[in-house]
Amino acid sequence: MIRFEHVTKVFGSGKRVLDDVSYEVERGEIFTIVGPSGTGKSVSLKHMIRLLSPTSGRVWVGDDCVSEAEGRELSRIRSRFGYLFQSAALLAWMDVYDNVALPLREKTRLTEGEIEFKVRDALEKVGLGGEGASMPSDLSGGMQKRAGLARAIVTEPEIVLYDEPTSGLDPVTSRRIDELIADLSSRLGITSVVVTHDLHSALSISTRIAMLGGGKVLSIEPPSAFIHSTLPQARAFLEAQYITRRGAWEANRP
Amino acid sequence: MIVREPPVREPARSAVQRLGRRVFDILAEVGRAAMICVGAVAAMRFAFTKRARKDIVAQMHFCAVRSLPVVSVVAFFIGMILALQIGIELRVYNQEALTGSAVMASMLREMGPFMSGLVLAASVGAAMAAQVGTMMVNEEIAALEIMDIDPLRFLVMPRMAAMAVTVPMMSFYTCALGVLGGAVVSHTQLAVPWATYFQNAMDFASTKALWVGLFKAFLFGFIIVTVSCYEGFRTEHGAVGVGRATRQSVVTNFLLILIVGYFVTRLFY
Ligand SMILES: Nc1ncnc2c1ncn2[C@@H]1O[C@H](COP(=O)(O)OP(=O)(O)O)[C@@H](O)[C@H]1O
Ligand SMILES: [Mg+2]
């Protein structure tokens with residue numbers, strides 16, 4: 001569904017963030033990308049919708065080469081995506097309801113009544129049912145994130161890219177968002193790519209987990225194998241969240 | 001596409017190459033600003049949709065009503081300064097009765113559009129650059145582009161439509177208030193009777209000067225929005241970048257308003 005072909009990304013400063021990366025996200029998958037901060041997780045997501053272009057290599061979405069598309073072609077490819085920004089990226093002068101309604105109002109011919117139904121539903125799903133009239137600046141970071149998530153899914157896209165959907169959320173809401181992501185993919189067949197630091201959520205909802213480090217994909221494994229990974233970076237990541245080979249959450253506390 | 005990456009290049013091998021690139025880059029940036037302006041003008045065919053109408057009215061409120069106090073003060077004092085300056089000179093020849101005509105002539109063609117342009121560039125334009133710059137830094141513009149919502153149509157067009165109407169209005173208002181300010185000074189400092197002042201002023205109020213002034217103001221509206229949004233869209237590096245965009249937009253606007261103002265007068269006189 002989404003295929004990286006020998007993608008290398010070097011920024012203007014000479015910083016090599018992705019170094020000959022190749023992998024493919026299958027249709028309907030929940031593909032999780034983990035790795036330390038600053039290893040190019042957000043950069044990877046941005047390549048999938050052409051907010052960034054590879055220095056060399058190609059990115060494919062289905063049969064479309066997104067890294068070379070322009071104009072209408074690019075708009076068409078992008079319309080298949082929902083994107084949750086790490087910064088939520090809500091428009092500051094609109095309330096939450098209008099932010100979520102924006103893609104429907106601008107890009108569909110739905111009536112205001114139909115839009116309201118969809119927006120309320122999306123807000124309900126992310127647990128912001130009562131916050132429609134709040135301005136983004138009055139919300140906590142986690143709530144902004146959820147509003148951004150509602151905006152990303154309200155158009156019912158084919159593929160959703162989540163940049164740290166649960167960072168800044170309390171554990172209960174985090175699990176709720178996990179369930180939402182899992183539900184969207186199982187019920188509607190949405191392909192999801194999730195960037196996260198939260199291994200509990202990665203292990204419980206992913207079909208595969210990719211470990212990024214030093215500009216390379218160090219491993220791509222299903223959760224059952226990832227938890228037993230012998231890769232030092234992966235072990236460090238797991239152990240930092242008290243997940244041991246014996247299984248998650250088990251007594252390994254200091 | 002508004003969201004873009006700076007091209008990665010090998011370091012220049014010679015001074016000539018460096019210079020060549022610099023010239024090329026400047027031309028490219030001018031082209032980009034022109035593209036923003038043309039794109040927003042082209043998007044005005046959507047100016048009558050419900051959302052756009054709402055945005056345009058909101059922007060007009062922001063541009064006109066919110067800057068009314070400062071424009072008023074500036075206009076009144078400009079008129080007073082002009083009257084005092086000219087009146088003192090004219091008094092040497094016992095012609096202070098003509099102050100009204102001189103104030104009217106300079107307000108209509110030059111000072112009206114010029115002062116309202118500068119004030120709006122410094123207030124509305126700076127705010128616009130800061131807002132767009134913040135949206136850029138906060139990835140809001142990227143979010144719009146991903147949703148296939150054209151920022152030129154969505155953000156720039158309502159601002160441009162609003163300013164194209166507001167700046168001429170403000171310019172006319174500035175002229176009127178300036179002439180009034182001049183009257184007060186003429187009366188109190190130069191002992192010119194009200195009636196004489198206004199009689200002279202109206203005698204010298206040429207329709208051509210009025211139209212040239214309004215035309216200038218109309219152009220200034222486009223300039224302010226284009227420059228401010230262009231600088232906003234160019235913002236990177238967080239809060240520092242927003243500060244840079246704001247500052248640069250004011251500087252560029254001031255320069256362009258001066259230069260374009262001069263050439264428009266040249267064109268018609
Ligand atoms: N637009 C950009 N220009 C230059 N460098 C960038 C840009 N975007 C990201 N980077 C660099 O790429 C690296 C990876 O960034 P990112 O993908 O955001 O990290 P993370 O994995 O934490 O999401 C960082 O070192 C960052 O400085
Ligand atoms: Mg990131």
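## Exercises on a predicted two-chain model with a ligand

Helix 1 of chain A (residues 41-48) gives the largest share of the shell around ligand 1, namely 3 residues. Keep in mind that this is a predicted model. Grab the structure and work through the exercises below.

### Exercise 1: the shell around ligand 1

Task: list the residues around ligand 1 and sort them by class.

Solution.
- Step 1. Pick the residues that have a heavy atom within 4 Å of the ligand. You should end up with A:F11, A:K15, A:V17, A:S37, A:G38, A:T39, A:G40, A:K41, A:S42 and A:V43.
- Step 2. Sort them: the shell has 3 nonpolar, 5 polar and 2 charged residues.

### Exercise 2: polar neighbours and cover

Task: find polar atoms of A:G38, A:S42 and A:V43 that sit by an oxygen atom of ligand 1, then say what percentage of the ligand's area the protein buries.

Solution.
- Step 1. Begin with the backbone of A:G38, where a polar atom is 2.7 Å from an oxygen atom of ligand 1.
- Step 2. Go on to A:S42. Here the side chain supplies the N or O atom, 2.7 Å from an oxygen atom of the ligand.
- Step 3. At A:V43, look at the backbone again: an N or O atom there lies 2.9 Å from a ligand oxygen atom.
- Step 4. Now for the cover. On its own, ligand 1 exposes 560 Å², and the protein buries 64% of that.

### Exercise 3: chain B by itself

Task: write down the helix and strand pattern of chain B and give its span.

Solution.
- Step 1. Count the elements: chain B has 9 helices and 0 strands.
- Step 2. Read them along the sequence, and the pattern is α-α-α-α-α-α-α-α-α.
- Step 3. For the span, follow the C-alpha trace along its principal axes, which gives about 70 × 50 × 35 Å.

### Exercise 4: where chain B meets chain A

Task: describe the interface, working from its area down to a single residue pair.

Solution.
- Step 1. The two chains bury about 2,000 Å² between them, with 61% of it on carbon and sulfur atoms. On the chain B side, B:E5, B:E139 and B:I146 lose the most area to chain A, together 29% of what that side buries.
- Step 2. Count the residues in contact: 20 from chain B and 26 from chain A.
- Step 3. Tally the polar links. There are 6 residue pairs in polar contact, and the rule finds 3 salt bridges across the interface. A:E106 and B:R51 form a salt bridge through their side chains, at 2.6 Å from N to O.
- Step 4. Trace the chain B side back to its elements. Helix 4 (99-137), helix 5 (140-146) and helix 6 (151-189) each give two or more residues, and helix 5 provides the largest share, 6 residues.
- Step 5. Finish with the classes: this side of chain B has 12 nonpolar, 2 polar and 6 charged residues.

Technical notes:
Residues numbered from 1 in each chain as written. Chains lettered and ligands numbered in written order. Predicted model: local features only at pLDDT ≥ 70, side-chain atom pairs only at ≥ 80, totals over all residues. Heavy atoms only, no water. Contact = heavy atoms within 4.5 Å. Buried area = accessible area lost by both parts, 1.4 Å probe. Salt bridge = Lys/Arg side-chain N within 4 Å of Asp/Glu carboxyl O. Polar contact = N/O pair within 3.5 Å; in protein donor to acceptor, adjacent residues only side chain to side chain. Helix = DSSP H or I, 4+ residues; strand = E, 2+ residues; numbered from the N terminus. Nonpolar A, V, L, I, M, F, W, Y, C, P; charged D, E, K, R; others polar. Areas by Shrake-Rupley, 256 points an atom, 1.4 Å probe, with all protein chains shown as cover.
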